[in-house]
Amino acid sequence: MSIERGTLMPNFELKNQNGTTFSSSSLKGKQAVVIFFYPKNFTSECTKEVCSFRDSYEDFTAHNVKVIGISADSEKSHQKFASKFNLPFTLLADSKKKVRKLFGVKNDLLGLVSGRETFVFDKDGVLITKFKSMNATPHIEGALRQLKKLA
C-alpha cells in the first residue's frame, strides 16, 4: 500500500546520476520536496514527464522545493538521460526497487510496467499530497497547485 497523506517521508539512501549518495533525511526540516517515480529513462511518456518537470523547474525552485526523480535505471543511464535533456534536478537510481517498495508504488498495466507516482512533502517531511497516473501531465500540475497552497 502506498504511503498516505500525513505520513513522514521514509528515510532512504540512493546514488544520484553523478554517483553521489543522496539521503532523504538531509532535506527534512530544510525544504519541501517533490519525489516522482517513473518507469524508465528514454521512453516517450517518461521523457515527457521529466522534461515537464524541467520546464517547470523554476516554479518549483521559486517555492524552495527540491525535485527528485526515481527509477530503476542505473546511475550511468541517469547521467546520460540528464545530460541529453538538460535536467537540472536529481535523478536517483533505485535498481533494486527498494525505495519504490518503501513508498508503496505499485506496477501498472497488468503489473508489466513500473508505476508512475508523485509525492509532495512539506519542509518538515510530511506528505501533503500524491498523484498516480500513467499520464505524465497531472503530476507536474498537481504538485505545483499544492505547493502554491503552502506558500
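## A first look inside the fold

The largest nonpolar core of this predicted model has 23 residues, and those with the most contacts inside it are V34, V50, F60, L87 and F89. Several helices and strands feed this core: β3 (32-37), α1 (44-55), β4 (65-71), α3 (75-84), β7 (127-132) and α5 (137-150) each supply at least two of its residues. Helix α1 gives the most, with 4 residues.

To see how a core residue is surrounded, start with V34. Leaving aside residues up to four places away in sequence, V34 touches F53, F60, V65, K66, V67, I68, T118, F119, V120, A143 and L147.

### A second core

Apart from the largest core lies another one, of 18 residues, with V33, I70, L92 and L127 among them. Let us follow L92, which is found in strand β5 (residues 90-93). Is L92 buried or exposed? With 0% relative accessibility, L92 counts as buried, because buried means under 20% relative accessible area.

The neighbours of L92 come from several stretches of the chain. Not counting residues up to four places away in sequence, L92 touches F12, L14, K15, N16, F22, I68, G69, I70, S71 and H78. L92 also shows how the fold brings separated positions together: L92 and Q17 are 75 residues apart in sequence, yet their C-alpha atoms are 6.4 Å apart in space.

### Aromatic rings

Next come the aromatic side chains. The structure holds 16 aromatic pairs. One of these is formed by F37 and F119, an edge-to-face pair with 5.9 Å centre to centre and 85° between the planes. What does this pair tie together? F37 lies in strand β3 and F119 in strand β6 (residues 117-121), so the pair links parts that are 82 residues apart in sequence. F37 is buried at 0% relative accessibility, and F119 is buried at 0% as well. F119 has already appeared above, as one of the residues that V34 touches.

Which residues form one aromatic cluster? They are F36, Y38, F42, F53, Y57, F60, F81, F85 and F89. Two of these names, F60 and F89, are also listed among the residues with the most contacts inside the largest core.

### Two loop residues with positive phi

Most residues other than glycine have a negative phi. Two residues here go the other way, and the table sets them side by side.

| Residue | Phi | Place | Relative accessible area |
|---|---|---|---|
| F42 | near 65° | loop between β3 and α1 | 40%, partly exposed |
| N64 | about 55° | loop between α2 (57-62) and β4 | 44%, partly exposed |

F42 is worth a second look, as this loop residue also belongs to the aromatic cluster. F42 is partly exposed, with a relative accessible area of 40%, whereas L92 is buried at 0%. N64, in the loop that leads from α2 to β4, is likewise partly exposed.

### Cysteines

Finally, a word on sulfur. A disulfide is a covalent bond between the sulfur atoms of two cysteines. How many disulfides does a search of the whole structure find? The search finds 0. Two cysteines can still be placed by their accessibility: C46 is buried, with a relative accessible area of 1%, and C51 is buried too, with a relative accessible area of 12%.

Notes:
Residues numbered from 1 in each chain as written. Predicted model: local features only at pLDDT ≥ 70, side-chain atom pairs only at ≥ 80, totals over all residues. Heavy atoms only, no water. Core = buried A, V, L, I, M, F, W, Y, C linked by side-chain atoms within 4.5 Å. Buried < 20%, exposed > 50% of the residue type's maximum accessible area, 1.4 Å probe, protein only. Contact = heavy atoms within 4.5 Å. Disulfide = S-S within 2.5 Å. Phe/Tyr/Trp six-rings, centres within 6.5 Å; stacked < 30°, edge-to-face > 60°.
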